[in-house]
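Student: Hi, I have a new structure open and I'm not sure where to start. Could you walk me through it?
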Amino acid sequence: MTSLIRLPMRNVIAAALIGSAAFMAQSALADSPNQIHVSAQGSVNVPPDMATLNANLEEQTPGVPRDSSNGVDAQALTKARNQLEHRFSGLYQKIRAAGIPEKDIQAGSLTVQQDQYSVNQSSDSKNSTPMVRTRLSRPLTLTIHDLDKVPAVLNALTAAGVNQLSGVNYGLSHPEKAQDEALHQAVARALDKARIMASTLGVSLGDVMNVEQEGGQIYHPMMMMARSAAPAQADGNAPADYHQGEINQKTTVNIVWGIRQ
């Protein structure tokens, strides 16, 4: 007599799914060619040929109690603006005298903003007077293509009593050349690695199946200033050496080769 073993339906379905998945995995492995996957990076360092500089000039009105005329004094505001425009005009002329062409000077528009603060009338912090003052500012962005002019531009800014200076950012006028060189290095390095792998495995490289480039990374150095111990110059400015460093351009490629049978 033939005996039958009855399995629960869920066990039968599970077994069928496992068998189907294994079959599909084997089929996919058989259908896809053997491949070599390689990731490589290229990196180049080049000296900068330009610099950008962001500065800001500010003036402010005297503080007044917040509840007096809404904190706005038209006469004080006009005086502060005239002082700001006078300083800005003088700075502009000094920058032009330093050899910076007009097209590389971006003079921003006037910004007016109220600042609210409190003044303590005594040591008791609870006894304070709300105050308000108006701050006026004008931003300035410079592009310097002759890096030897950086010290003269900085001297002009400090002589004008610049209120904010974000430093000097060095860069490249045409970064494409450095980007292409880094990419060339990355691809060449990937090919060398793929050949080493293939030779070690005793196989031959086939056609390129896929190429991907990851986003390039660029390091822009900030200005580094080292003041010397030499005496001050005739114009009263302390001598300084400026080291702009180098621009580092990196890129990564991921390349897939087939294996020739």
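Tutor: Happy to, and we'll go from the whole chain to a few details.

Tutor: Before that, this is a predicted model, so local features need pLDDT of at least 70 and side-chain atom pairs count only at pLDDT 80 or more, while totals for chains, interfaces and linings use all residues. Residues are numbered from 1 along each chain as its sequence is written, and side-chain values use heavy atoms, with hydrogens and water left out.

Student: Okay! How many helices and strands are there in the protein chain?

Tutor: The protein chain has four helices and eleven strands. These are DSSP runs numbered from the N terminus, with at least four residues of H or I for a helix and at least two of E for a strand.

Student: And what percentage of the residues count as buried?

Tutor: Of the 261 residues, 28% count as buried. Buried means under 20% relative accessible area, exposed over 50% and partly exposed in between, with a 1.4 Å probe and protein chains only.

Student: Let's look at a helix. What is the reach of H4 from its first C-alpha to its last?

Tutor: Helix H4 covers residues 176–201 and reaches 37 Å, close to the 38 Å expected at 1.5 Å a residue. That expected span is 1.5 Å times one less than the number of residues.

Student: Which residues of H4 are buried?

Tutor: They are Ala178, Ala182, Ala186, Ala190, Ala194 and Ala198. After H4 comes Gly202, with a positive phi near 75 degrees.

Student: Switching to strands, which one pairs with S2 over ten bridges?

Tutor: That's S6, residues 128–144, which pairs with S2, residues 50–60, in the antiparallel sense. Strands pair if DSSP finds at least two bridges between them. Gln60 stands opposite Arg135 in S6.

Student: What about S5 and S6, how many bridges join them?

Tutor: Ten bridges join S5, residues 111–120, to S6, and they run antiparallel. Asn120 stands opposite Ser128 in S6. S6 is also joined antiparallel to S4, residues 105–107, by three bridges, with Ile105 opposite Leu142.

Student: Cool. Last topic, charges over rings: which ring face does Arg133 lie over?

Tutor: Arg133 lies over the face of Tyr117, at 4.3 Å from the ring centre. Arg138 lies over the face of Phe88, at 4.0 Å from the ring centre. The cut-offs are NZ of Lys or CZ of Arg within 6 Å of the ring centre and within 35 degrees of the ring normal.
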